[in-house]
Amino acid sequence: MDVPVWLWVAFAVTVVVSLTVDLLAHRKAHVIGFKEAAWWSVLWVTLALIFGGVVFYVLGVNAGTEYTTAWLLEKSLSVDNLFVFALIFAYFKVPREYQHRVLFFGVIGALVFRAIFLTAGVAVVNRFTFVLFLFAAILFYSAYKIIKGEDDSFDPSKSFAVRMLRKIMPVRDEYAGTHFVIKEEGKRVATPLLAVVAAIEAADLLFAVDSVPAVLAVSDDAFIVYTSNAFAILGLRALYFLLAGLLDRFHYLSNGLAIILAFIAVKLMLQASHKMISTSIPEIPSPVSLAVIVVILTVSIVLSIRRPPPEKDAEETGQSDAGENAGKASDGKPAE
């Protein structure tokens, strides 16, 4: 795809300005509430859609559809990241007012690593088409793990990045405000906040194993795959604070993501077969992929809202029974 240089420059300027504004707006550590997170989420989504409109206008309908599909796909897959973020924050007992700062630097690292992985992925796919079959196998396996409930096994304490950090420098037990490194007795010591950033980056590297093959199924153009990923990642922090505490309610979303991954795997296999075996083998057009992803996400969210998690019902029943027993005990009668 012949992408004008000015469009790359416009993208880079948009990202840098957005990150700068975000950093200045959150320069003082504070708890991100629902209302603030909602406004920022609207801002990031609007920015992504406006850029998508520019892609439609400059590069054409096909490129615009691929961008939108890739952005929505990455956005949906990033929901899994939110569960891991919550796990990491809980493990390290990160104060809520420091969480945005951690995610900000996590996003910067994610933008850098995704640029490397996606550039390498595009180069490999363009040269070795058979790799698409391998990517499809990875996505099928990821879908299987989600369905079997084996996708929540991330242990922050055992992540490679955290272990390497502890070998490089000592990590103190207490936080020191928003500082990542401080001096103690003339030596540089990492705070738990730096360990949290390392754990966040390690988690993103794991998720790249799913997201990179998935987005390459939508497009093999470096501009499309990276800009769509970047705008999805930029809105990840606001999405986390928007959905914090509500993640367990969307219990059908994981099943939806598994179906999406399996669908994208089939799309990859058809693409590879079309190129390597016979052109008579059909490919799945981007508009169809976009429609399928939208429908699956919508159904998953609606089902999650209409059918509360069984665990929640059980907890409420248990609390009700406990309340009744406590009431009996207070009347001088033995609680059963």
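A cavity is a set of grid points where a 1.4 Å probe fits but cannot get out. This model is predicted, and it holds 3 cavities of 30 Å³ or more.

Start with the largest cavity. About 140 Å³ of space lies in it. Its lining is made of 16 residues. Closest to the centre of the largest cavity are N81, F85, A110, D204 and L236. Several helices supply this lining. α3, α4 (99–127), α7 (192–218), α8 (222–234) and α9 each give two or more residues to the largest cavity. The largest share comes from α4, with 5 residues. By class, the lining of the largest cavity has 8 nonpolar residues, 3 polar ones and 5 charged ones.

Now move to the second largest cavity. Its volume is about 90 Å³. Its lining can be named in full: E74, L77, D80, N81, R114, I146, F207, D210, S211, L257 and L261. Look again at N81. This residue lines the second largest cavity, and N81 is also among the residues closest to the centre of the largest cavity. Which elements give two or more residues to the lining of the second largest cavity? They are α3, α7 and α10 (253–276). Here the largest share, 4 residues, comes from α3. The lining of the second largest cavity divides into 5 nonpolar, 2 polar and 4 charged residues.

Next come the open spaces. The second largest pocket has a volume of about 340 Å³. It is lined by 17 residues. Nearest the centre of this pocket lie K75, V79, L239, L243 and I301. Four helices stand out in the lining. α2 (34–59), α3 (61–92), α9 (236–243) and α11 (286–306) give two or more residues to the second largest pocket. Which element gives the largest share of this lining? It is α3, with 5 residues. Of the lining residues of the second largest pocket, 13 are nonpolar, 3 are polar and 1 is charged.

Finally, follow α3 through the model. This helix gives two or more residues to the lining of the largest cavity. α3 gives the largest share to the second largest cavity, and α3 does so again for the second largest pocket. α9 is worth tracing too. It gives two or more residues to the largest cavity, and α9 also gives two or more to the second largest pocket. Then trace α7, which gives two or more residues to the largest cavity and two or more to the second largest cavity.

Notes. Residues numbered from 1 in each chain as written. Predicted model: local features only at pLDDT ≥ 70, side-chain atom pairs only at ≥ 80, totals over all residues. Heavy atoms only, no water. 1 Å grid on protein atoms, 1.4 Å probe; cavity = no way out; pocket = protein on both sides within 12 Å on 5 of 7 lines; lining within 4 Å. Points joined across faces, edges and corners; volume = space filled by probe spheres on them. Nonpolar A, V, L, I, M, F, W, Y, C, P; charged D, E, K, R; others polar.
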